[in-house]
Amino acid sequence: MLIITRPLGKVTLCFLMVFLLISCSDDESPKTHPNDLSALSHEYLTDWVKELLEVSKNSPGFTPPIVSRAFAYSSITLYEALRFGFPGYRSLSGQLTGLQNVPEPDPDLNYDWILVANAAMKEVVKELYSVMPVDQESQIEELIFKWNAARSLESDPVTNQNSEVYGKALAVHLIDWMKEDGGHKAHNRNFPSSYIPPEGPGLWKPTDSSNALLPYWGANRTFLLNIVSNSRPADPPEFSTATDSEFYQAALEIYEISQVLTQEEKDIAFYWTDDPFATYTPPGHSTYIFLSLAISDNLSLAQATEAFLLLSIAQSDAFVSCWHWKFYFNLVRPVTYIREHIDPNWSPVIITPPFPEYTSGHSTQSASSSVILTHVFGEDYSFVDRTHETLQLGKANRTFNSFYEMAEEAGMSRIYGGIHYQFGNIEGRIEGYKIGHEVLKMQLKSN
């Protein structure tokens, strides 16, 4: 079981690092040149992912789309800082929308790329998570101190200073870029009162007193150019209240399923709710699965860094695309339709979230994640999802025979929960699969 724990104290870490260096001979612990990271395991990257999961869960206002954005910019920062230690990897400059002229290190100076990454992440995370709790800020400082202490013992003071300066310059460039995407500081405006939902037959109505969640998120800049139009879902069935219409039958299907749910189906509905502030959220759920498998499969640092980058970009663009089409179609939720046209006393199994139905957000992001995870770990990869065990939520672990099977269950959870039509789930998955495959077209290596 993977348990996310608080890092050791600074004094303990210093003593431990010195003790290990003294007690291990060169034969037992061969040293890696500070500029070469090819021999390192995933640990540095997975340490950061653990911390990002925790700070996302505990920071006010970090709803799923905002979490996905924060993961993406964090992964880009880590990738741009560490790639120099991975033979053959190239910059994302010119590949991601609006990212140009990423500063390069001075070829005449020595750097430690992990120290560079720490310096950059310190600034980027502070900008992304400006509302993080004090204890989370302390844990991030401990993480940075841990790795700075370890790497500084292998580097000279000049290299350390070069790394700090370059890392901060990299952070400044990336922060300036991310501020222009439309999602900057959005944790402060999840439910803007300025958005007034349009009214009319078949259009979404708030199902509680909440304003719409992030109604303008779909206008944000995506990481891949034109990804929203390239992943456009098919139009939903034409709205109708006629009992023989496709729309009525889709709503009736949800109603009838809710009447005969098995305990297993109810468990699936609640397993995938991934509520903000109690869990890691939907993108965090997929990211936790990646984290646990990166550790169990002992990925290299290069493999883990590349995988986290692809996963987080796919998730973030999936949320922007999904939110764009949600508010474009503005489709009524099942609970509203069923109460008005089938059964006025009906309630879904799980709470209907405050935004339009089409397409399903969880279906979209889970599908995009499944494409990336399949690329990293392989087809027909069996695994156990221990996310809820780690969060101590009392839900049993679930086992899957592939990542596509995982995505299908995540999508079906919305049907069992009564918050989506089947067409919203299916088209959401198609949308997510398209996005995942577009992300895999990125050119990360020169050869």
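This note covers the internal cavities of a predicted model.

1. Basis. Residues are numbered from 1 along each chain as its sequence is written, and side-chain values use heavy atoms, with hydrogens and water left out. In this predicted model, local features need pLDDT of at least 70 and side-chain atom pairs count only at pLDDT 80 or more, while totals for chains, interfaces and linings use all residues.

2. Count. The whole structure holds 2 cavities of 30 Å³ or more. A cavity is a set of points, on a 1 Å grid over the protein atoms alone, where a 1.4 Å probe fits but cannot get out. Volume is the space filled by probe spheres set on the points, with grid points joined across faces, edges and corners.

3. Largest cavity. Its space is about 70 Å³. Lining residues (an atom within 4 Å of a point) include Phe-62, Ile-66, Glu-127, Met-178 and His-184. The run from Gly-183 through Lys-185 to His-187 also takes part. Helix 3 (64-82) gives the most, with 3 residues. Helix 4 (113-128) supplies at least two. Helices here are DSSP runs (H or I, at least four residues), numbered from the N terminus.

4. Second largest cavity. About 40 Å³ lies here. Arg-69, Tyr-73, Asp-181, Trp-217, Asn-220, Arg-221, Phe-223, Ser-316 and Val-320 line it. Helix 3 and helix 11 (301-329) each supply at least two of these residues.

5. Shared wall. Arg-69 lines the largest cavity and also the second largest. Helix 3 contributes at least two residues to the largest and at least two to the second largest.

6. Chemistry. The largest cavity's lining has 6 nonpolar, 3 polar and 3 charged residues. For the second largest, the classes are 4 nonpolar, 2 polar and 3 charged. Ala, Val, Leu, Ile, Met, Phe, Trp, Tyr, Cys and Pro count as nonpolar, Asp, Glu, Lys and Arg as charged, and the others, Gly among them, as polar.

Notes:
On a 1 Å grid over the protein atoms alone, a cavity is a set of points where a 1.4 Å probe fits but cannot get out, and a pocket is an open set with protein on both sides within 12 Å along at least five of seven lines; lining residues have an atom within 4 Å of a point.
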